Amino acid sequence: MMLYPIKVILFSTLLEISTIHSSSSGSISTAAPKNSSRRWGAIIIIITLPTSSNNTAEAGQQTTGDAHEEIKAKEKAPKLETLTELEIDLHARGFRYVIGCDDSGGAGCVAGPVVVASCCLLRPYSSFLPITSSEYSSDSAVFESLVSASAMDTLRNVNDCKALTVTQRQEIYDVVRSHQDIFAISVAHRSPKEIDDINLTRATQLAFAESIETLVDKYKLPFEEIYAIVDGKVSPKLYASQRQQSTDASKEEEQLETYSEQQNVPNYFSVRPYVNGDAEVYTVALASIIARVERDSMMQKIHEQHPLYGFADHSGYGRRDHIEAIHRLGSIEGVHRMSFKQVKGR
């Protein structure tokens with residue numbers, strides 16, 4: 001049992017203290033003479049209870065750094081059943097390929113590209129990841145045919161990238177990248193110059209469209225079995241390159257239908273925006289992790305070229321130390337987003 005340091009302070013009642021006198025015989029008398037003044041005081045007793053040998057403080061110091069972040073991440077992590085619920089429902093409705101999409105390096109950044117990732121499961125969850133606790137404990141051997149036990153544990157930690165540590169994100173990224181038979185992945189990005197030319201929102205939407213289209217084309221996924229979920233409030237316009245530019249929306253749709261008939265495929269598939277999707281949909285969470293790791297790698301390379309700006313630390317976000325570095329050293333063309341308020345004119 002651990003004892004914590006406790007100090008108890010007790011105040012006595014006020015006591016009348018008499019002046020001590022010595023008699024001529026050398027004996028000591030505590031009786032107060034008539035003319036003596038009376039003084040009042042208080043007795044303070046401080047009691048310190050003994051404690052065990054600093055084991056509490058030492059235990060607290062051990063849960064620091066990345067280990068402490070992992071504990072907090074686990075506390076925030078949603079249940080796997082919740083993360084996979086929507087996708088399992090879509091699978092049951094005939095949408096075999098649910099594509100999750102998310103971006104990294106959005107409005108909070110003043111430097112570096114915006115990176116978008118799309119991720120889709122090529123196999124059902126039942127083939128590699130036990131969803132419920134009972135499945136995980138009793139049927140885990142069944143799932144080892146596609147992924148190892150350690151990989152399975154890693155995939156159970158999937159969450160919004162912002163809720164994970166750097167180590168956790170990298171571990172999940174490595175598992176996903178090493179299992180191409182299970183995970184279809186596509187990454188697209190737009191440079192700072194493109195962001196300056198057409199604005200961040202349009203650049204991001206174009207990257208979303210490219211990422212989704214590339215994944216669908218690369219893996220030859222049938223349109224009628226696809227359902228895409230994009231994190232945020234807006235979904236991209238897909239296959240715009242097949243449409244002739246027109247201000248008439250109805251004509252634009254007709255053009256796409258004509259193209260689709262020529263290719264003998266459905267003219268569209270569902271693309272749904274989903275606010276907070278990276279924390280509520282498994283493949284969107286995976287996409288957020290992939291986009292974040294990919295972008296962090298890009299920012300590390302920029303850091304090696306321009307070490308005085310601290311890109312490896314702030315990843316291009318508009319932190320105070322980054323803004324101060326811009327004011328001190330100037331902006332870097334091709335790295336900083338020159339149209340952004342914090343950078344413009346520097």
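How many bridges join strand S7 to S8? The legends below take up this question first, then move to other parts of the predicted model.

**Figure 1. Strand S8 and its two partners.**
Strand S7 (residues 97-104) and S8 are joined by six bridges and run antiparallel. Within S8, Cys-119 has Gly-100 standing opposite. S8 is also joined to strand S9 (residues 183-190), here by eight bridges, and these two strands run antiparallel as well. In this second pairing, Val-116 of S8 stands opposite Ala-188 in S9.

**Figure 2. The two faces of strand S8.**
Strand S8 covers residues 114-121, and eight of its eight residues are buried. One side carries Val-114, Val-116, Ser-118 and Cys-120, while the other carries Val-115, Ala-117, Cys-119 and Leu-121. Both faces are covered. For the protein as a whole, 38% of the 346 residues count as buried.

**Figure 3. The largest nonpolar core.**
This core has 32 residues, and those touching the most other members are Phe-128, Leu-129, Leu-155, Val-176, Phe-183, Tyr-282 and Leu-286. Two or more residues come from each of helix H3 (80-92), S8, helix H6 (149-155), helix H7 (166-177), S9 and helix H11 (282-305). H11 gives the largest share, eight residues. A second, separate core has 23 residues, including Ile-99, Cys-120, Ala-207 and Phe-208.

**Figure 4. The surroundings of Phe-183.**
Leaving aside residues up to four places away in sequence, Phe-183 touches Cys-119, Cys-120, Leu-121, Leu-122, Phe-128, Leu-155, Val-176, Tyr-219 and Leu-286. Phe-183 also belongs to an aromatic cluster, together with Tyr-125, Phe-128 and Tyr-282.

**Figure 5. An aromatic pair between two loops.**
The whole structure holds eight aromatic pairs. One of them is formed by Tyr-239 and Phe-269, which meet edge-to-face, with 6.5 Å from centre to centre and 85° between the planes. Tyr-239 sits in the loop between strand S10 (226-231) and helix H10 (249-263), whereas Phe-269 sits in the loop between H10 and strand S11 (270-274). The pair thus links distant parts of the chain, 30 residues apart. Tyr-239 and Phe-269 are both buried.

**Figure 6. Ser-331 after helix H13.**
Ser-331 lies in the segment that follows helix H13 (320-329). Is Ser-331 buried or exposed? The relative accessible area of Ser-331 is 19%, and the limit for a buried residue is under 20%, so Ser-331 counts as buried. Beyond residues up to four places away in sequence, Ser-331 touches Ile-326, His-336, Met-338, Val-343 and Arg-346.

**Figure 7. Segments of low confidence.**
Over residues 1-64, pLDDT stays under 50, and the model has 55 contacts beyond four places in sequence for this segment. Residues 243-249 also have pLDDT under 50 throughout, with 11 contacts beyond four places in sequence. Where pLDDT is low, the predicted coordinates should not be read in detail. The average pLDDT of the protein is 79, and 66% of the residues score at least 70.

**Figure 8. The whole protein, for orientation.**
The protein has 13 helices and 11 strands. Among its contacts with a separation of 6 or more, 70% are between residues 24 or more positions apart. The exposed area is about 19900 Å², of which carbon and sulfur atoms supply 52%.

Technical notes. Residues are numbered from 1 along each chain as its sequence is written. This is a predicted model: local features need pLDDT of at least 70, side-chain atom pairs count only at pLDDT 80 or more; totals for chains, interfaces and linings use all residues. Side-chain values use heavy atoms; hydrogens and water are left out. Helices (H or I, at least four residues) and strands (E, at least two) are DSSP runs, numbered from the N terminus. Buried means under 20% relative accessible area, exposed over 50%, partly exposed in between (1.4 Å probe, protein chains only). Contact means heavy atoms within 4.5 Å. Accessible areas come from the Shrake-Rupley method with a 1.4 Å probe; for residues, only the protein chains shown count as cover. Rings of Phe, Tyr and Trp (its six-membered ring) pair if their centres lie within 6.5 Å; planes under 30 degrees apart count as stacked, over 60 as edge-to-face and the rest as tilted. Two strands pair if DSSP finds at least two bridges between them. pLDDT is the predictor's confidence in each residue, from 0 to 100. A nonpolar core is a set of buried Ala, Val, Leu, Ile, Met, Phe, Trp, Tyr and Cys residues joined through side-chain atoms within 4.5 Å.
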